[in-house]
Amino acid sequence: MTQVLGEVSRSWTLDKKQQTQEAFLQSLDPRVRLLVCVLFSCVVSALHDMTALTLALGIGLGLSLFARLPIWTTVRKVVVVDSFILVLVLTLPFTMPGEVIFSFWGWEASREGVFRAAEVGLKANAILFSLMALIGIMEPSVLGHALYRLKVPIKLVHLFLFTVRYIDVFYKEYKTMRMAMKARGFVPRTDLHTLRSIGYLVGMMLVRSLERSDRIMEAMKCRGFDGRFYILDTMKSGQRDRVFAAVAAVALLGLLAVGYL
Amino acid sequence: MHIVDGALSNPVLIGGGLLAASGVAYSLKKLEPEDLPRVGVLSAVFFVASLIHVPLGFSSVHLILNGLLGIILGWAAFPALAVALLLQAVFFGFGGLTVLGVNAVNIAFPAVLVYYLCRWGLSAEKHLLAKRVADGLFGVFFLLTIWAGFALYQLYQIEGGSWSVTVNSVSLILFAVVMAYGYFLYRRGTLSVAGFWGFLGGSLSIFLTAVMVAISLALSGEEFGKAAEFVIVAHFPVMAVEGLLTAATIQLITKVKPELLHAVR
């Protein structure tokens, strides 16, 4: 449905070639995958035990294998996301009070701090891998429909679907406008001129989007829009989905047991 | 800007989730079905805008534009941002599922606040009053900064100088500098009155977001204190960038299509 979410280099959606060899996880009911992923994230953030968290990361990695995520692009994405938490992980050992294990330029690192940093890193990556494997390979529109079938308010789902639909359109418009600016010799720098030009670019995109949304509304009214939308696809869960849900439940209970017993 | 999974404590996560859910619920109740395409299309534009990188010295920052989003969408900023954050979390991996609520509140709440603060200042009829209030608002911010600076200086004398205090004073000075630069541009005529309101909205929303991110980190544990301070300091360049950019956008909108400011009821 949308190109941008797959086109932008950091996105996780698989390209056409990889989608043809259907992965096992891809064939499961989207609702089950979504629920399992949310529950897994909640359980992992409630855990504090190192063994349990390592197991959780293992489960995440295993799911990624099942989902047949492309190795190198996945690694690149994980590195990008991990660079976000680097600051936190690097400062934690030095800011948490506790037993000193080593010092670096007069800064003392505590054992508790190192463990806390490891905990944050493990949690973030475990959730990341499961997210990639379970939801990241879903079409955005399928995700919207799954949200609707899980009783998320209809207005929010439609906002989601509209956004997904038009991200692509306005990304292309943005690229066209940037090309036009480039053709006129625009090079982004750190100065007022750049900020003003990009500000005008955003403003023009907003102006065009408003005009476009009026046309969309007219087209919808023309087709008999009465304030309601209909989502037609019915999702069915089969034998395999029930087996997957059962295995997931056992795994989550197991994680909680390892973490708290 | 995004807090990742695993850092925050459970009470903060649950509290953020509840706040975000109630904000989204309230704004969805206000939202007419006829406005859905507008909000959806505008939220797509803001998603694309968040992919734009602006060079800043040796590095670059990506836009958030929650001030502009708040000014244009008002309360509808809540669901629009929730959707954008969900898409970013699921397809780009920025932020995560469990922190979705906290992130949504941290970004959307300043947007709604800015909506109430700047909305009437942007309307053209009360031009002179808008000017006066803009001047007054700037004065208030400046006095607050000076007062906070003095308070911190005294604290510094008592504590004997710790790292945290110096970082705080540096961040306050930067806040004052950013605000003064915007005011200078406005006085020189580069920014119109509406533009200055846009500047205030754009930079204030980033400041508030940074403060809220810092608060949610600090609430999660003593050990995040330094990281929380770092977040505030790191966002001052972003404040300047977003303030000036929002100012330019608002200036364009007020000239080209003023009805955009009243697009969503």
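Two strands pair if DSSP finds at least two bridges between them; helices (H or I, at least four residues) and strands (E, at least two) are themselves DSSP runs, numbered from the N terminus. What you see here is a predicted model, where local features need pLDDT of at least 70 and side-chain atom pairs count only at pLDDT 80 or more, while totals for chains, interfaces and linings use all residues. Residues are numbered from 1 along each chain as its sequence is written, with chains lettered from A and ligands numbered from 1 in the order in which they are written.

**View 1. A hairpin in chain B, made by β1(B) and β2(B).**
Start with the two strands β1(B) and β2 (residues 59–62) of chain B, which pair in the antiparallel sense over 4 bridges. Look for B:L56 and you'll find its bridge partner, B:S59, sitting in β2(B). The hairpin has 2 residues between the strands, and B:G57 takes a positive phi near 60° there.

**View 2. The whole of chain A, before zooming in.**
Chain A's secondary structure adds up to 10 helices and 2 strands. Trace the chain from the N terminus and the elements go α-α-α-α-α-β-β-α-α-α-α-α. Chain A has 261 residues, and 38% of them count as buried (a residue is buried if 20 or more other C-beta atoms, placed from the backbone, lie within 10 Å of its own, exposed if 12 or fewer, and partly exposed in between). Contacts here mean C-beta atoms, placed from the backbone, within 7 Å of each other. Among the contacts in chain A with a separation of 6 or more, 73% come from residues 24 or more positions apart.

**View 3. Helices α4(A) and α10(A) crossing within chain A.**
Here α4 (residues 50–66) and α10 (residues 239–260) of chain A have axes that come within 8 Å and cross at roughly 155°. Axes are lines fitted to C-alpha atoms, for helices over the stretch in contact, with angles from 0 to 180 degrees between N-to-C directions. The two helices, α4(A) and α10(A), are therefore roughly antiparallel to each other (angles under 35 degrees count as roughly parallel, over 145 as roughly antiparallel, 65 to 115 as roughly perpendicular and the rest as oblique). Their crossing, α4(A) over α10(A), is right-handed; that is, the near helix is turned clockwise from the far one by less than a right angle, anticlockwise being left-handed. On the α4(A) side, A:T51, A:A52, A:L55, A:A56 and A:I59 make the contact, and α10(A) answers with A:A251, A:L255, A:V258 and A:G259. Sorted by class, this contact of α4(A) with α10(A) has 7 nonpolar, 2 polar and no charged residues (Ala, Val, Leu, Ile, Met, Phe, Trp, Tyr, Cys and Pro are nonpolar, Asp, Glu, Lys and Arg charged, and the others, Gly among them, polar).

**View 4. Where chain B touches chain A.**
Chain B brings 61 residues into contact with 69 residues of chain A. On chain B's side, α1 (10–30), α2 (36–49), β1 (53–56), α4 (77–92), α9 (225–234) and α10 (236–256) each supply at least two residues. The most comes from α2(B), with 13 residues. By class, chain B's side has 44 nonpolar, 11 polar and 6 charged residues.

**View 5. Helix α8(A) packed on α4(B).**
Helix α8 (residues 154–183) of chain A packs on α4(B) at an angle of about 60°, and the axes are 10 Å apart. That makes α8(A) oblique to α4(B), and the crossing is right-handed. A:L156, A:L159, A:F160 and A:T163 from α8(A) meet B:P79, B:A80, B:V83 and B:A84 from α4(B). This contact of α8(A) with α4(B) has 7 nonpolar, 1 polar and no charged residues.

**View 6. The surroundings of B:W197 in helix α8(B).**
B:W197 lies in α8 (residues 193–220) of chain B. It counts as buried, with 30 C-beta neighbours inside 10 Å. Leaving out residues up to four places away in sequence, B:W197 touches B:C118, B:G121, B:L122, B:A130, B:A134 and B:I250. B:G121 is 76 residues from B:W197 along the chain, yet their C-alpha atoms are separated by 6.5 Å.

**View 7. The surroundings of A:E112 in helix α6(A).**
A:E112 belongs to α6 (residues 111–136) of chain A. This residue, A:E112, is partly exposed, with 16 other C-beta atoms within 10 Å. Apart from neighbours within four places in sequence, A:E112 is in contact with A:M96 and A:G98. From A:E112 to A:T95 it's 17 residues in sequence and 10.0 Å in space, C-alpha to C-alpha.

Technical notes
Contact = placed C-beta atoms within 7 Å.
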